[in-house]
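Welcome! Take a moment to turn the model around on your screen before reading on. The notes below will then walk you through it topic by topic.

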Amino acid sequence: MNVEIWSLGKENETFIDEGVHYYFQKTKPYNPVDMIIIAPPKRTSATDIERIKQLEEETILKKLQPQHYLVLLDEKGKPLNSVQWSQQFQQCMNHGTKTLVLLIGGAYGVSDAIRKRANQTWSLSNLVFPHQLVRLIVAEQVYRAFSILANSPYHHS
């Protein structure tokens, strides 16, 4: 199963890139993981929030393929702990999921169409984080999930 982390927004700062790369290298023996940064739509000061979400929706829906299992990461989603993440990954693998997409939405969230298309919606925390930090957190949690599945000592429970 391939894992792709999709994130709307600008490119990572160097320190975020270094951290994401660090966890991707650690995850490589278990499973391939890719980060796909989706450039935000061009906007003007007159562009309203709903129009921005609609433009982001169009971009995301064009990228999604039938074999993608979409997990939306959203503050209103289901809170899962690290063991539950690993269990969800195992379920996806057991069901033959080709590509698991973990979507970090735009600054204003995602449209209703994206919410409906998502196979699941998970919450990372009740806290709000900047998008770039979420990318790093998700990269670490993906590594942690696979290390749990491999009975690695990384996760102490």
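How much area does the protein chain expose, and what share of it do carbon and sulfur atoms supply? The exposed area comes to about 8,800 Å², and carbon and sulfur atoms supply 50% of it. Keep in mind as you explore that this is a predicted model.

**Overall build**

- Start with the parts list: the protein chain contains five helices and five strands.
- If you follow the protein chain from the N terminus, its elements come in the order β-α-β-α-β-α-β-α-β-α.
- The protein chain is as compact as a globular protein of its length, because its radius of gyration of 15 Å is close to the 15 Å that the globule rule gives for 157 residues.
- Measuring along the principal axes is a handy way to picture the outline: the C-alpha trace spans about 50 × 35 × 25 Å.

**Inside and contacts**

- Of the 157 residues in the protein chain, 45% are buried.
- Look at contacts between residues at least 6 apart in sequence: 85% of these join residues at least 24 apart.

**Charges**

- You can count 17 positive and 15 negative side chains in the protein chain.
- The centres of these two sets of charges lie 4 Å apart.

**Strand β1 and its partners**

- Strand β1 covers residues 2-8, and six of its seven residues are buried, so this strand is largely enclosed by the rest of the structure.
- One partner of β1 is β4, and the two pair in the parallel sense over six bridges.
- Another partner is strand β2 (residues 33-38), which runs parallel to β1 and is joined to it by six bridges.
- Glu4 is a good residue to find on screen: it stands opposite Val101 in β4, and it also stands opposite Asp34 in β2.
- As a general point to remember while looking at strands, side chains in a regular strand alternate between the two faces of the sheet.

**A closer look at Thr97**

- Where does Thr97 sit? You will find Thr97 in the loop between α3 (82-94) and β4 (99-104).
- Is Thr97 buried or exposed? Thr97 counts as buried because its relative accessibility is 14%, and the cut-off for buried is under 20%.
- Setting aside neighbours within four places in sequence, Thr97 is in contact with Met1, Tyr69 and Cys92.
- For a sense of distance, try Val128: it is 31 residues from Thr97 along the chain, and their C-alpha atoms are separated by 29 Å.

Methods:
Residues numbered from 1 in each chain as written. Predicted model: local features only at pLDDT ≥ 70, side-chain atom pairs only at ≥ 80, totals over all residues. Heavy atoms only, no water. Helix = DSSP H or I, 4+ residues; strand = E, 2+ residues; numbered from the N terminus. Rg over C-alpha atoms; globule rule 2.2 N^0.38 Å. Buried < 20%, exposed > 50% of the residue type's maximum accessible area, 1.4 Å probe, protein only. Contact = heavy atoms within 4.5 Å. Areas by Shrake-Rupley, 256 points an atom, 1.4 Å probe, with all protein chains shown as cover. Lys, Arg positive; Asp, Glu negative; His and termini not counted. Charge placed at Lys NZ, Arg CZ, Asp CG, Glu CD. Pairing = 2+ DSSP bridges.
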